[in-house]
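Here is a friendly walk through one helix and its surroundings. Please keep the model open beside you as you read.

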Amino acid sequence: MKNRFGAWMALVAATIAAPCLAQVPTAEDFARHAEVSGVALSPSGKYVALAMPAANGTETQLHVVPIDGTGKSQTLRFGSQQHVSDVVWSDDEQIVVSRARMEPLHAMPYSYGELMSTDITGKGQDTLFGYQPDDGNRTGRRKDQGFAHVTKVLQDEPGKVLVEFTCWPRSCGEESPTVVFKVDTLTGNRKQIERSARPASFYFDRGGRPRLRITEQDGTPVMHYRPGADDSWLPVPASLAGYSMDSLRFDGDNDTAYALVSDRQEPAQLYRLSFSKATRTLLIGREDVAVSRLLAAGPNDIPFGVVFDSDKPSVRYVDQGSDWVKLHAGLLKAFPGQMVDILDHSRDGKTLLFHAWSDRNPGAYYLLHREGNRLQLINESMPWIRPEAMSPTRPIEFRSSDGLKLFGFYTAPVGKTGPLPTIVIPHGGPHGVYDAWGYDADAQFLASRGYAVLQVNFRGSGGRGHEFERLGYREWGGRMMDDIADGVRWAMDNKLTDPARVCIYGASFGGYAAMMGPIRHPGMYKCAVGYVGVYDLQVMHQEGDINDTRAGRTYLDRVLGTDPAQLAANSPARNVDKIKVPVLLVQGTLDRRVPMDQFNALKKALDKNGVPAQTLVVKGEGHGFYDPGNRAQLYRTLEAFLDAHIAP
């Protein structure tokens, strides 16, 4: 393999190792959207399709580019101020995309359930799923009131895909059915092949037959399977999975399968399964960290390895002798200090699409032409960000005050050692979400201004199994705040953080933690910044989009509790007399997840108690800012606030 990949490894080394002098990036540099939000390779290996946001973030277009440079590139739009995401090739020249909205806190588009199809010229655009209102005397063709997504491309039936469609609760009631359709993406014709009376997720074998169905009861997965393709649904036995099964994919015999399995809510591990025998064999796993994603390739997309990223990012392979393992290991050597994800490959396996990225590099998309060992750059995500000017992110591990193993990340400005003024950034969510090693615009912006950044994956975070996630239930203002504080103490004890200059800043739940941290641990933080944060847990039960559904209301009851006294005790807006530090509050007026009621509750309480608070309220923004100008304004405001209180 060394000889096979030597040529392109040398080419990569030459392209990524060249030094250059870079100025400190501006706030605008960190606020800009990535040039590419998704890339997909056609089955023929002749084209790549790229989802490319406009500079102002108001639209994402689809670009179809011939790989060999001949012919005309096409730029396709799917409506004024519309975004595309989840790009899928259903045939050599046919593409399916989801219409999307921008996901503000991550500056990425996310689907809202409408599916569009097109050929590579853009002339055959059609709405596969969506609600089309009547226009005068014309009746809209589609009246789909729900969320659709492509769940499988049928390789043996060109142009055909399987689509899961779940009706909106407001249209079908709380127990919204999920229907699986086989869809011809060229004609738009659809045929129902499966139905669940409740919201469900399905996994399919190679022939497109549903073999695993997952519903939910009070937050717990309920799993049924078909031992054989034509069998009836049966409860999944403990010999296959006790609690959860995810990322299922079948080998060519439609019996052997691979999946991430958890029995007792412990971190999921990779198993090989036999559906007909209801048996399994452990391939790779850890007791303390869940597999975050599979590495898979080949005609059957069989896993050849896994990635762990809740602590130090690492790769483990299933079979060291596999050609795909050797290829992936060669790519890792060619991109030192980076992670490599194989995204797609052509039908004949001769062309490979992959993504290389790191803590200092937002990433780039490449093609590997295996005949001739030729590497081809498709596009850098953020070419204006120079990795050599960014700051390294260090995985950390420590014990909480009650003995729980916790992970996190520490980012120090380039060339600086502690103890440093430090910004603590709790992640949002909080349950199931977690910080992982990789490029983080907030962390890099603050590090470029001379601040260290500490991120702690407190109990309740994802990446450690559902049991770890449940440890955070009803601990929002308690042990979760203690875990973050224990991380700060660890950084102080290890001379990484200056105890006199620590500020806490976060968005969504992170905004809650930014206000609750100084209440729970007075004296630790010298200032606090809440960005679209939750500040009153009783208001959260009443306002916002989570309680729009019964599942959402059940979730809030489960993770927050319902006792009014406990909710008040854990609400920053009800405890402002204990906030003794300078405060900055940032909010968008159109936020539906955490509406203005939360901001107003805290601001009113602060004013009543004579606690000064600086504010930045931006009209037209939602749960996080996505307009690059507004994001840059946030960064400049944040920098000035921090410099006024804990300046480097």
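1. Helix α13 has a buried set made up of Pro628, Asn630, Arg631, Ala632, Leu634, Tyr635, Thr637, Leu638, Phe641, Leu642 and Ile646. Buried means under 20% relative accessible area with a 1.4 Å probe, protein chains only. Helices are DSSP runs (H or I) of at least four residues and strands are E runs of at least two, numbered from the N terminus.

2. A word on the source: this is a predicted model, where local features need pLDDT of at least 70 and side-chain atom pairs pLDDT 80 or more, while totals for chains, interfaces and linings use all residues. Residues are numbered from 1 along each chain as its sequence is written, and side-chain values use heavy atoms, with hydrogens and water left out.

3. How far apart are the end C-alpha atoms of α13? They are 26 Å apart, which agrees with the 27 Å expected for the 19 residues of 628-646 at 1.5 Å a residue; that expected span is 1.5 Å times one less than the number of residues.

4. Just before the helix, have a look at Phe625, in the loop between β35 (613-618) and α13. Phe625 forms an edge-to-face aromatic pair with Tyr531, 5.4 Å centre to centre and with 75° between the planes. Rings of Phe, Tyr and Trp (its six-membered ring) pair if their centres lie within 6.5 Å; planes under 30 degrees apart are stacked, over 60 edge-to-face, the rest tilted. Tyr531 lies in strand β33 (residues 527-531), so the pair ties together parts 94 residues apart in sequence.

5. Both partners are buried: Tyr531 at 6% relative accessibility and Phe625 at 0%.

Key
Buried < 20%, exposed > 50% of the residue type's maximum accessible area, 1.4 Å probe, protein only.
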